[in-house]
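Dear colleague,

Please find below the structure that I am handing over to you. My account of what was found in it follows directly after.

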Amino acid sequence: MKSPKNKPTLKQLRNLTDPPSLSEGARQKVRSLRKKTPSTQELIKGILEGNKTALAQAITLVESTNPDHSQQANDIIDQCLSHSTQSIRIGITGVPGVGKSSFIESFGGHLISLGKKLAVLAVDPSSSISKGSILGDKTRMQELVKNPDVFIRPSPSGTSIGGVARKTRESIILCEAASYEVILIETVGVGQSETAVHGMVDFFLLLQLAGAGDELQGIKRGIVEMADAIVINKADGDNIKRAQLAKGEYQRALHLYPPKENGWVPQVLDCSSIESRGIKEIWELLDRYFTETRRSGHFQENRRVQNRYWFLQTVEDLLKLRFYGDRKVQKQLKKWEGRVMDHEISPFRAAAKLLEFQQKELK
Ligand SMILES: Nc1nc2c(ncn2[C@@H]2O[C@H](COP(=O)(O)OP(=O)(O)O)[C@@H](O)[C@H]2O)c(=O)[nH]1
Ligand SMILES: [Mg+2]
């Protein structure tokens with residue numbers, strides 16, 4: 001046993017853990033690095049040349065909450081917009097553990113072998129809390145991470161899924177301007193995020209496991225309805241038979257849904273991301289979808305409708321932000337809230353009064 005004499009004193013412990021203070025030289029270095037943030041024009045030029053660093057820096061501006069950065073980001077996006085027509089955007093959803101990251105590694109590898117440039121963005125509000133999935137993603141996308149033709153960006157941390165989704169949408173535009181042809185957007189299939197992601201992709205792919213019901217997997221019915229294809233992952237080893245059965249079940253279930261507006265009939269496939277089996281067939285299906293919808297014009301029309309949706313959505317967000325952010329409105333809101341709760345005034349009249357107040361404030 002150690003004698004208590006050998007125990008370090010509290011002071012000694014403190015000395016050990018005190019961080020070394022930053023020297024003046026180091027401080028200057030940090031300052032000069034900060035100053036080096038490139039100008040808007042430099043960033044645009046870099047992005048259009050396919051420079052990954054410029055792209056990453058621009059996305060950081062998009063994700064920033066600093067109003068100056070937002071302004072700069074908007075300028076960059078405006079100039080990048082016209083470069084986004086040749087890309088395809090694919091949403092990949094499914095519960096944690098279904099194998100999204102592994103699928104992207106395998107599917108992405110196939111796309112690379114076809115000579116395509118690939119960007120992977122994640123919309124996963126949970127990852128900003130637990131960091132766990134980012135760590136998992138890095139290890140599961142080992143080959144993609146190393147590839148010079150691949151750009152991978154983990155989720156922006158954000159308080160609301162709406163905020164995260166908007167930032168992802170803007171990041172898509174930047175990736176496309178940097179001539180990434182295929183954009184994969186990974187999202188967890190349990191919350192609101194897939195509705196938002198569905199509104200920004202051309203194709204929505206749902207990954208499922210065999211032998212677990214939708215309820216068990218935490219998948220909401222609406223998500224199955226949104227899917228353009230369902231892929232049963234982990235169809236390998238002992239699981240192959242069950243995967244085949246699940247495929248049949250989903251095929252029958254999908255017949256119960258009304259046909260899609262663009263005439264596409266959602267398909268069910270199976271694959272093994274680990275063994276890279278069935279991956280080629282999934283790409284062939286998607287390729288057929290893009291060829292058909294581009295030919296019919298539904299592809300372009302869908303993007304137009306999505307643009308309108310994001311415009312209206314953003315107007316709504318900004319109005320709310322401005323309205324609830326106004327201190328005077330906040331005070332009035334509290335006042336009317338109390339009166340509504342005490343049955344002194346109807347909720348409708350109180351709401352009208354509050355809006356009247358704000359209108360007068362604006363004048
Ligand atoms: N057997 C098998 N395991 C897989 C397959 N795809 C993923 N996994 C495993 O499932 C776990 C979760 O995978 P991950 O890609 O991180 O799932 P995510 O949370 O949906 O991104 C990991 O342990 C993977 O190795 C597959 O096709 N077959
Ligand atoms: Mg993952």
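Two strands are said to pair if DSSP finds at least two bridges between them. In that sense, Gln 208 has Ile 232 in β6 as its bridge partner. Please note that this is a predicted model.

**Overall composition**

The protein contains 18 helices and seven strands. Of its 363 residues, 33% are buried. Among contacts between residues at least 6 apart in sequence, 73% join residues at least 24 apart.

**The sheet**

The seven strands form an open sheet with parallel pairing, in the order β3-β2-β4-β1-β5-β6-β7. Its edge strands are β3 (150-153) and β7, each of which pairs on one side only. From one strand to the next, the twist averages 20 degrees.

Which strands pair with β4? Strand β1 (residues 88-94) runs parallel to β4 and is joined to it by seven bridges, while strand β2 (residues 118-123) pairs with β4 in the parallel sense over six bridges. On the β1 side, Arg 89 stands opposite Ile 183 in β4. On the β2 side, the bridge partner of Leu 121 in β4 is Ile 185.

Strand β4 (residues 182-188) is largely enclosed by the rest of the structure, because seven of its seven residues are buried. In a regular strand the side chains alternate between the two faces of the sheet. In β4 both faces are covered: Val 182, Leu 184, Glu 186 and Val 188 are buried on one side, and Ile 183, Ile 185 and Thr 187 are buried on the other.

**From β5 to β7**

Strand β5 (residues 203-208) pairs with β6 in the parallel sense over four bridges. Helix α14 packs on the sheet and touches β6 and β7, and its direction makes about 170 degrees with that of β7. Strand β6 (residues 229-232) is in turn joined to β7 by four bridges, and these two strands run parallel. Within that pairing, Ala 229 has Gln 267 in β7 as its bridge partner. Together, β6, helix α14 (residues 240-254) and β7 make a right-handed β-α-β unit.

Are the residues on the two faces of strand β7 buried or exposed? Although β7 is an edge strand, both of its faces are covered. Gln 267 and Leu 269 are buried on one side of β7 (residues 267-270), and Val 268 and Asp 270 are buried on the other.

**The surroundings of ligand 1**

Which residues come nearest to ligand 1? Of the 16 residues around the ligand, these are Gly 99, Lys 100, Ser 101, Ser 102 and Lys 234. Two elements, α6 (100-113) and α8 (132-140), give two or more residues to this shell. The largest share, three residues, comes from α6. By class, the shell has three nonpolar, nine polar and four charged residues.

Lys 234 deserves a separate word. This residue is found in the loop between β6 and α14. Its phi is positive, about 65 degrees, although Lys 234 is not a glycine. Lys 234 counts as buried because it has 25 C-beta neighbours inside 10 Å, and the threshold for that class is 20 or more.

**The loop after β7**

Ser 276 lies in the loop between β7 and α15. Its phi is near 55 degrees, again a positive value in a residue other than glycine. With 16 C-beta neighbours inside 10 Å, Ser 276 counts as partly exposed.

Arg 277 has its place in the loop between β7 and α15 (279-296). Arg 277 counts as partly exposed because it has 15 C-beta neighbours inside 10 Å. Leaving aside neighbours within four places in sequence, Arg 277 is in contact with Asp 236, Cys 271 and Ser 272. The C-alpha atoms of Arg 277 and Ser 106 are separated by 9.0 Å, and the two residues are 171 residues apart along the chain.

**A residue of helix α10**

Arg 166 is found in helix α10 (residues 161-177). Arg 166 is buried, with 20 other C-beta atoms within 10 Å. From C-alpha to C-alpha, Arg 166 and Met 200 are 9.3 Å apart in space, and they are 34 residues apart in sequence.

With kind regards

Definitions and conventions:
Residues are numbered from 1 along each chain as its sequence is written. Chains are lettered from A and ligands numbered from 1 in the order in which they are written. This is a predicted model: local features need pLDDT of at least 70, side-chain atom pairs count only at pLDDT 80 or more; totals for chains, interfaces and linings use all residues. A residue is near a molecule or strand if its C-beta atom, placed from the backbone, lies within 6 Å of it. Ala, Val, Leu, Ile, Met, Phe, Trp, Tyr, Cys and Pro count as nonpolar, Asp, Glu, Lys and Arg as charged, and the others, Gly among them, as polar. A residue is buried if 20 or more other C-beta atoms lie within 10 Å of its own, exposed if 12 or fewer, and partly exposed in between; C-beta atoms are placed from the backbone. A crossover is right-handed if, with the strands pointing away from the viewer, the path from the first strand over the helix to the second runs clockwise. Two residues are in contact if their C-beta atoms, placed from the backbone, lie within 7 Å. Axes are lines fitted to C-alpha atoms, for helices over the stretch in contact, and angles run from 0 to 180 degrees between N-to-C directions.
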